[in-house]
Amino acid sequence: MTLPADAAALLDENAGNPVDREGLRMRVNDALADFLDRQEAVLSSISPRLSDASTALRDFLLDGGKRLRPAFCYWGWRGAGGATGSDGIVAAAAALELLQASALVHDDLMDRSDTRRGLPSVHRRFEALHRTSGWRGDRGQFGTAAAVLLGDMLLCWCDELFLRCGLEPSAVLAAKPVFDVMRTEVMAGQYLDVLEPVAGGSMGEGAAERALAVVRYKSAKYSVERPLQVGALLAGAGPELVEAYSAFGLPLGEAFQLRDDQLGVFGDPAVTGKPAGDDLREGKRTLLVALAVESSPAADGRILDDRLGAPDLDGDEVERLRGIIARSGAAEQVERRIDALLGQALEALEAAPLADGPARDALRSLATAATVRRY
């Protein structure tokens, strides 16, 4: 899969990443580092044996990450008239990265993923620690327990950082209900994601609709729509802008996740940090897969349905399933849907009553970067 030259240029580091406008990525990283310093002091006061947990969390949070959710939160704030130099909004936006990290730690565990951003996933990291330390017991169980607990800790921390971000308590209180429902939505979407392979039966009628429900609640809302709304409410926005951000953010969030689904099957491991076809090994019943089953000859559809996520799926079979999907035309169908959703989002953005001109331009650039990315 290749990107248009102009789209690829938007993601070239030399062209300037929209997340880096106004030094935002560095400011978010600094806010996270400062928060981690405080939390590490708390953990070290409990026991020096927590140093491995502290190091793992710092590595996971500060080593990479697209920082798109904080960017949408920040520019949602700016679009509502929020000030440029506020450290409080940066801290509030950084809280979204703690939520994202929590979700990823748990997601990797549930999907039995070995890597994240080219490094061992958290449960594999603690399995390795158990092995190299010569500890007793089941190292797999230890890795699982560590990932559950550290993911839970990150979830607690996201609330703490948000509530103590430094903005006016009344503003934080106004945004907190959306922050809360966002967390409920992503957990509910995650449950639907793990439910589908075991309870959905063979992929057929209704599979595409169920896949879209997972897209909406596991990713779309909490990746774009809710961060925008949180930023707007922190700046004191009224219902008109909050609704306008929904009209922009929801289709964009769906396009963002559909791009993720394409990369989960066809992405370059050197760029994504995940093995080729990882979603096929994990048995992800995405819209891409549902459309491929619908569009393939019956024999190919049965193979894809039967072997998706099989425990003994090897590299050759992954390539076979990738070939079935490629021949089905499903990837092209998803690409058309991404384009349509991006167009819908950009139209809504142009109509939105933003208070800040640079915010509209930044959100337009973020929309493109979120949907044409290669990682």
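Visitor: How do you know whether the radius of gyration of this chain agrees with that of a compact globule?

Guide: This is a predicted model, so take what follows as a reading of a prediction. With 375 residues, a compact globule would come out near 21 Å, and the chain has 21 Å, so the two agree. Along its principal axes, the C-alpha trace spans about 60 × 55 × 40 Å.

Visitor: What makes up the fold, in helices and strands?

Guide: There are 17 helices and 2 strands in the chain. Of the contacts between residues at least 6 apart in sequence, 76% join residues at least 24 apart.

Visitor: And how much of the chain is buried?

Guide: Buried residues account for 55% of the 375; the cut-off for that word is under 20% relative accessible area. The chain exposes about 16,300 Å², with carbon and sulfur atoms supplying 53% of that area.

Visitor: What makes the phi of E22 worth a look?

Guide: Its sign. Most residues other than glycine have a negative phi. E22 is not a glycine, yet its phi is positive, about 55°. You'll find E22 in the loop between α1 (5-11) and α2 (24-46).

Visitor: Why is E22 called partly exposed?

Guide: Its relative accessible area is 35%. Partly exposed covers the range between the 20% and 50% cut-offs, so E22 gets that label.

Visitor: What about R112: what is its phi, and where does it lie?

Guide: R112 has a positive phi of about 55° as well, and it isn't a glycine either. Its place is the loop between α5 (87-111) and β1 (115-116).

Visitor: Why does R112 count as exposed?

Guide: Exposed means over 50%. R112 has 53% relative accessibility, so it passes that mark.

Visitor: Why is G81 called buried or exposed, whichever it is?

Guide: Exposed: the relative accessible area of G81 is 52%, and the label needs over 50%, so it qualifies. G81 sits in the loop between α4 (68-79) and α5. In sequence G81 and A237 are 156 residues apart, while their C-alpha atoms are 8.2 Å apart in space.

Visitor: Which label does E332 get, and why?

Guide: Partly exposed, because its relative accessibility is 42%, between the two cut-offs of 20% and 50%. E332 belongs to helix α16 (residues 330-351). E332 and P120 are 212 residues apart along the chain, and 32 Å separates their C-alpha atoms.

Visitor: How many cavities are there of 30 Å³ or more?

Guide: The count is 2. A cavity is called that because a 1.4 Å probe fits there but cannot get out. The second largest has a volume of about 30 Å³.

Visitor: Which residues line the second largest cavity?

Guide: The lining consists of L192, D193, E196, P197, R210, A211, V214 and R285. The elements giving two or more residues to that lining are α8 (169-199) and α9 (207-234). The most comes from α8, with 4 residues.

Visitor: What makes up that lining, by residue class?

Guide: It divides into 4 nonpolar and 4 charged residues, with no polar ones. Leu, Pro, Ala and Val count as nonpolar, and Asp, Glu and Arg as charged. So L192, P197, A211 and V214 go into the nonpolar group, while D193, E196, R210 and R285 go into the charged one.

Conventions
Residues are numbered from 1 along each chain as its sequence is written. This is a predicted model: local features need pLDDT of at least 70, side-chain atom pairs count only at pLDDT 80 or more; totals for chains, interfaces and linings use all residues. Side-chain values use heavy atoms; hydrogens and water are left out. Buried means under 20% relative accessible area, exposed over 50%, partly exposed in between (1.4 Å probe, protein chains only). On a 1 Å grid over the protein atoms alone, a cavity is a set of points where a 1.4 Å probe fits but cannot get out, and a pocket is an open set with protein on both sides within 12 Å along at least five of seven lines; lining residues have an atom within 4 Å of a point. Grid points are joined across faces, edges and corners, and a volume is the space filled by probe spheres set on the points. The radius of gyration is taken over C-alpha atoms; the globule rule is 2.2 Å times the number of residues to the power 0.38. Contact means heavy atoms within 4.5 Å. Accessible areas come from the Shrake-Rupley method with a 1.4 Å probe; for residues, only the protein chains shown count as cover.
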